[in-house]
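Please read the points below with the model open beside you, and look up each residue as it is named. They begin with one helix and then turn to contacts and charged pairs.

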Amino acid sequence: MDASSPAAIIKVVLPKVPFLLQAAASHTLGLSSTSSKWDLRTELIVKFIRSLMTSPEPTPIGKQQRMTLKDPGIKGPIWISKITVPTPEEDDVSETLNNVIDALKEGGEVYSPAIIAPVEAEWTGYRAGVDKHRHRLDLSEAQHYDRLMKEVTSDITVLYFHGGALFLMDPASHRPTCMRLAKMTGGRCLSVRYRLAPKHAFPAALLDALVAYLYLLSPPPGSYHDPVPAKHIVFAGDSAGGNLCMALLQFILQLHRSSPSKPPTIRFHGRDVEIPLPAGVAPNSGWMDLTRCMPSIVANSHYDYLPVPPSQDAIKHFPKDDLWPTDPPRGDLYCETSMLCHPLVSPLAAKDWKGTCPVWLGYGSECLTDEGRIVARRVAQQGGNVIWQEYDAMPHCFSLIFEHLPGGVMCFESWVQFMKDVVKGRAIETHGLFIAAKSLKETVVDVRKLLEDVSDQDVNELMMEARVKRSTGEEGETKVLPRL
């Protein structure tokens, strides 16, 4: 759907009107299972999105992808400066990533090493004093960057990875989120246009994320910015972007584990660049498990709009088009099925988080909550400092979607405060909260004991079982993925 076209919007919404009226009546009469937790607006939005994402006749992957890549244009209180990180002459970046991938294998995993390529991104800042209809100024990208920097008031640089199940959307779709982050932090965002599946399989997106980090640390000649100290950088992202945040963190941790006596370096555009940890990592509703095997996938589905596995028995494959299936075919959009339990594909599979920088994890009562709980638990049990926040009855990425909800505002403000704290060098102590719906009453939870009834061994067995089912075709490629 082209969100900038009124005709396209009407075409999508009009057939849903009877369904939405029924949902409104059910909520008003207290017959909906969520009416005690949600206001009417939230009920209608969640059910409308769910109806779009669970089509009984899914659109081919290529068409889905193109629908979400339409740039609505740049206007309103936002500065955008578009850049392209040039490809380095050296092969060290991709070779280092491949070595780390191989070091974290447990046997039998197969992947095709990615070829390094130019990486596009958008510097994003807040443009004060203009209304939402003000068009972008007719300036060069360098001039836009200079204007952006004149309004930056803090040291915070957010390296942002957008969501979209690793095959949808791009920085244009996430400009409102990055603008809001820039406004509230006083800093700037570098929002990365990483390569999308299925055309670009793992590890292409992660390689692009690594290149973007190197670009901040050691800008090649001709870049607009000066080198950014790692202590001023926060990795952030929503959903699939949260996956890339944690995968990039795990990559850096493994790099440090393999080089204990000296800071690890990567050769990038003629320089040996040290690879320190960032100030912090902050996934929002991060997608940590590409096997999609945890109990909350089903148990929390009534609060979420993500597709539910039981509804997909009859839809095991996406329709064929120019992007899918791939040649040679594979069982997952993002990677070979043998790689689904690799810690740089599914951070839920990562066993070692020792030495990590501070981590913030925010979720609703969504399909992905359990995988977030396990990651938070492991980080905390291994001595990492992690802030865990779970918002009762809230769906996936609620704080990005529901700006009108007090809980959404509270979550977003906590996200921002974490970024401010870690860049300021303030101590982060492990702390967990469960926030009740509507009342926002806070209950302290022990992060080290999250989801105690599911042990690490249970997690490993569930993931391995799901990987086998995906490899054999018992579970379809569409499981829990958008079917627009």
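1. The buried residues of helix α2 are covered by parts of the structure that include α3, residues 40-53. The residues in question are L20, A23, A24 and H27, which are buried in α2. Seen down the axis of the helix, these buried residues fall within an arc of 100 degrees, so they line one face of α2. An α-helix has 3.6 residues a turn, so residues three or four places apart point the same way. On the other side of α2, by contrast, P18, L21 and Q22 are exposed. Please keep in mind throughout that this is a predicted model.

2. The length of α2 can be checked by a short calculation: at 1.5 Å a residue, the twelve residues from 17 to 28 should span 16 Å, and the C-alpha atoms at the ends are 16 Å apart, which agrees. After the helix comes G30, which has a positive phi, near 75 degrees.

3. The surface around α2 also deserves a look, for L14, V17 and L21 form a nonpolar patch there, with about 290 Å² of accessible area together. Of these residues, V17 has its place in helix α2, and because its relative accessibility is 34%, V17 counts as partly exposed.

4. Two residues may be examined through their contacts, leaving aside neighbours within four places in sequence. K75, in the loop between α4 (61-67) and β1 (78-85), is in contact with K132, H133, R134 and H135. The C-alpha atoms of K75 and K132 are separated by 6.5 Å, although the two residues are 57 residues apart along the chain. With a relative accessibility of 45%, K75 counts as partly exposed. T177, which lies in helix α7 (residues 175-185), is instead buried, with a relative accessible area of 9%, and T177 is in contact with Y160, L400, F412 and W415.

5. Turning to charged pairs, a search of the whole structure finds 24 salt bridges. In one of them the side chains of K37 and D392 meet, with 2.9 Å from N to O. Because K37 lies in the loop between α2 and α3, and D392 in the loop between β10 (386-391) and α12 (398-401), the pair ties together parts that are 355 residues apart in sequence. K37 counts as partly exposed at 26% relative accessibility, whereas D392 is buried, with a relative accessible area of 10%.

6. A salt bridge also joins D71 and R175, whose closest N and O atoms are 2.8 Å apart. This pair links distant parts of the chain, with D71 in the loop between α4 and β1 and R175 in helix α7, 104 residues apart. D71 is partly exposed, with a relative accessible area of 41%, while R175, at 5% relative accessibility, counts as buried.

7. Another salt bridge is that of R193 with E120, in which the closest N and O atoms are 3.3 Å apart. R193 lies in strand β4 (residues 188-193) and E120 in strand β2 (residues 119-126), so the pair ties together parts that are 73 residues apart in sequence. R193, at 23% relative accessibility, counts as partly exposed, and E120 is partly exposed too, with a relative accessible area of 38%.

8. Which residues are linked in a network of salt bridges? They are D71, E120, E122, D170, R175 and R193, a list that is worth tracing through the model by eye.

Note on methods
Residues numbered from 1 in each chain as written. Predicted model: local features only at pLDDT ≥ 70, side-chain atom pairs only at ≥ 80, totals over all residues. Heavy atoms only, no water. Expected span 1.5 Å × (residues − 1). Buried < 20%, exposed > 50% of the residue type's maximum accessible area, 1.4 Å probe, protein only. Arc of directions from axis to C-beta. Contact = heavy atoms within 4.5 Å. Patch = residues over 30% accessible without salt bridge, like charges linked within 9 Å, V, L, I, M, F, W, Y side chains within 5 Å. Areas by Shrake-Rupley, 256 points an atom, 1.4 Å probe, with all protein chains shown as cover. Salt bridge = Lys/Arg side-chain N within 4 Å of Asp/Glu carboxyl O.
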